[in-house]
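Work through the exercises below with the model open. Try each task before reading its solution.

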Amino acid sequence: MVADDQNEPLGGHTIVVTGAASGIGLAVTRRCVAQGAHVVMLDRDDSQLDAATAGLGESTSTAVVDVTDEAGIATAFEALGAVTGLVNCAGIMTPGDVTTVTPAGFARCLEVNLTGTFLMTRAAVTHLRAAGGSIVNIASVAGLVGIANAVAYCAAKGGVVGMTRALSADLAPSGIRVNAVCPGTVRTPLIDEAMRQRGGGDLDAGIAATVPKYPLGRLGTPDEIAAVVAFLLSDDAAFMTGAIIAADGGMTSV
Ligand code: NAD
């Protein structure tokens, strides 16, 4: 592995981040760059990706990739040498219960959140084998507990949790660590529609109804999730694999 430095614990690392154009993926990108890494930012959203690179300079490169597109993923990896980390952060939220989510909506939720994580990991493994490395999957509290009106999302994120454990067993002999972070509710564009539905059409009412579920009395921030991800990418977490870490203000502990 790359030697760590106390001020730049990710110095010398090359880390691929999916969903890097917004929210948690962008916060992960910024934190990894601040800690000395080069970040390959992948996202399906062209214009948002361009805007996201502002101020990040030469520490990042970008590619427009849909994580459900196996051929597109392969092309993106062809341009890369050895990478030391992969953060599977791209995701979508599909609000609804078993009567309101359509079969197509259910399938798409699994395709992006779960199959996308599988396809990206599959493509990254040979690049990571050359360097050793760390994979961090962004799951969710929805992968740990049941959440009303989120049947597809809970199924997908529960799958990410299970797959993380299986991958950790498969890839440990290659020196690749695989862990998952399960964020509680973090204010990003992803959750707005679900919050609106919870608030009967009113976003603020939805957020106000959500906060009491959190013992710390507030929602999380993208930076607070990025800090946990950066730790798992670094050699400080060298003895951690297969861990499922809740970063959720205590939501799943009560
Ligand atoms: P976001 O909407 O701000 O960012 C998600 C990014 O993923 C966007 O830039 C989007 O373009 C990209 N994306 C979506 N589908 C894609 C695809 N098929 N291929 C490539 N890129 C794609 O959302 P966020 O809140 O930052 O979510 C990031 C991750 O964190 C997701 O996996 C989400 O499920 C998870 N998460 C979020 C919360 C929360 O409360 N925000 C809580 C738990 C888990």
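Three exercises follow, each with a worked solution.

This is a predicted model, in which local features need pLDDT of at least 70 and side-chain atom pairs count only at pLDDT 80 or more, while totals for chains, interfaces and linings use all residues. Residues are numbered from 1 along each chain as its sequence is written, and side-chain values use heavy atoms, with hydrogens and water left out.

**Exercise 1.** Place S59 and list its contacts (heavy atoms within 4.5 Å) beyond four places in sequence.

Solution. Start with the loop between α2 (46–52) and β3 (60–64): S59 is there. Next, list the partners: V33, A37, H38 and V39. Finally, compare with V125: it is 66 residues from S59 in sequence and 23 Å away in space, C-alpha to C-alpha.

**Exercise 2.** Is N179 buried or exposed, and which backbone nitrogen does its side chain reach at 3.2 Å?

Solution. Find N179 in strand β6 (residues 176–183). Its relative accessible area is 0%, so N179 is buried (under 20%, with a 1.4 Å probe and protein chains only). Now follow the side chain: the backbone nitrogen of G242 is reached at 3.2 Å. The backbone nitrogen of T241 lies 3.5 Å from a polar atom of that N179 side chain.

**Exercise 3.** Which residues are closest to the ligand?

Solution. S22, D43, Y153, V186 and T188 are the closest of 30 surrounding residues (a heavy atom within 4 Å). Check D43: a polar side-chain atom lies 2.6 Å from a ligand oxygen. Then D66: a side-chain N or O atom is 2.9 Å from a ligand nitrogen.

Technical notes:
Helix = DSSP H or I, 4+ residues; strand = E, 2+ residues; numbered from the N terminus. Buried < 20%, exposed > 50% of the residue type's maximum accessible area, 1.4 Å probe, protein only. Polar contact = N/O pair within 3.5 Å; in protein donor to acceptor, adjacent residues only side chain to side chain.
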